[in-house]
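Here are some notes to read beside the model, set out as numbered points. Please keep the structure open and find each residue as it comes up.

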Amino acid sequence: MARSARKVLLTGWFSFLDGEATAGDVLALHRVRAVLDHAGIPYDVVWSPGYRAGGPHLSDVAEDSYSHLVFLCGPLHGPQVEELHARFRRCVRIAVGTSVIDASSPAVRGFHHVLARDAPGGMSPVRDLAAGAPATPATPVVGVLLTHGQGEYGRARRHDEVARTLTGWLAAKDCARLELTTRLDTRDWRLCATPEQFESVVRRLDLVVTDRLHGLVTALRSGVPALAVDPVDGGAKLSAQARVLDWPATLGAAQLHPAELDRWWRWCLTSGRGLAERRRREFLGTPAHGDAGDATDALLTALSAADRTGSGPGPCWCPGPC
């Protein structure tokens, strides 16, 4: 077939109806696309409907539109790969950057060329395609700390709707999202066992999105800006803490409009970085002897007040020494 008539269909496990896209497979695809772009070879990519609903999908393409089919990355096995051979039987079929498990299987033997990354029989492995994918700008890494509890707030709770709004909004942002929890556990390997471990995670983030008081506090302790949302109608402990810490990127449950969220997102990733770092330095300067603007100075006074021992009229609520 003449070069001018050549058109390639790029496929992989990310193309099948029930397939899934992995970061490695899509990076391998970026590598192949860059090579074909440089060579001036036209191509289309087909996607799993579960990953990209907008397609194009295998069901949308016609065999006679392509001279070549390329299957990239992943293992060559199974009926889904075999079906490609049957459907695109008039195309030159090439597997590249794939793993061969059984060289005699129909999934492997149906290709005209198999350019494997690894195979049995003493073949020397070659570098995976994903390693050579073009470099791209980094996206923000965002820790997401949400609570679905706090039943003590009763009818004032807006936790579920806040979580739905925030996660729906975050799903459309170009960022790497990490779902985190402040809960510690010494038995569950998936959770941090100490606050130091948790803070080590937070320090590596670009932004924290949270409806938890300690999500806000831990972020600022680490010098990381936080977009904080109070999930209680009228505001509760998170709003109170934001006022004490003079942290402006704090919204109420009724303020979760996309434009407002976007505005504070931009602020957190620009001006907010400097303010978060200033807050971190302020926290580092907290004295160990009380008198730090928190309740420890009042605690020392209460502990030393002998006349407060035994039964009394009830607790006082003064923020400082009585």
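1. In this predicted model, T210 belongs to strand β8, which covers residues 207-210. T210 counts as buried, because its relative accessible area is 0% and the cut-off for a buried residue is under 20%.

2. Although T210 is buried, its side chain has polar partners in the backbone. The side chain reaches the backbone oxygen of L145 at 2.8 Å, and it also reaches the backbone nitrogen of R212 at 2.9 Å.

3. If neighbours within four places in sequence are set aside, the residues in contact with T210 are L145, L146, G215, L216, L227, A228 and V229. One of these, L227, is also among the residues with the most contacts inside the largest nonpolar core.

4. That core, the largest nonpolar one, has 43 residues, and those with the most contacts inside it are L166, V208, L227, W247 and W265. With neighbours within four places in sequence again left aside, L166 is in contact with L146, V209, V229 and L261. There is also a second, separate core of 20 residues, which includes F71, L84, V100 and F111. As background, nonpolar side chains in soluble globular proteins tend to be buried together.

5. Turning to empty space, the count comes to 1 cavity of 30 Å³ or more, and the largest cavity holds about 40 Å³ of space. Its lining is made up of Q150, Y153, D211, L213, D230, P231, V232, K237 and L238. Sorted by class, the lining of the largest cavity has 5 nonpolar, 1 polar and 3 charged residues.

Key
Residues are numbered from 1 along each chain as its sequence is written. This is a predicted model: local features need pLDDT of at least 70, side-chain atom pairs count only at pLDDT 80 or more; totals for chains, interfaces and linings use all residues. Side-chain values use heavy atoms; hydrogens and water are left out. On a 1 Å grid over the protein atoms alone, a cavity is a set of points where a 1.4 Å probe fits but cannot get out, and a pocket is an open set with protein on both sides within 12 Å along at least five of seven lines; lining residues have an atom within 4 Å of a point. Grid points are joined across faces, edges and corners, and a volume is the space filled by probe spheres set on the points. Ala, Val, Leu, Ile, Met, Phe, Trp, Tyr, Cys and Pro count as nonpolar, Asp, Glu, Lys and Arg as charged, and the others, Gly among them, as polar. A nonpolar core is a set of buried Ala, Val, Leu, Ile, Met, Phe, Trp, Tyr and Cys residues joined through side-chain atoms within 4.5 Å. Buried means under 20% relative accessible area, exposed over 50%, partly exposed in between (1.4 Å probe, protein chains only). Contact means heavy atoms within 4.5 Å. Helices (H or I, at least four residues) and strands (E, at least two) are DSSP runs, numbered from the N terminus. A polar contact is a pair of N or O atoms within 3.5 Å; within protein, one must be able to donate a hydrogen and the other to accept it, and residues adjacent in sequence count only if both atoms are side-chain atoms.
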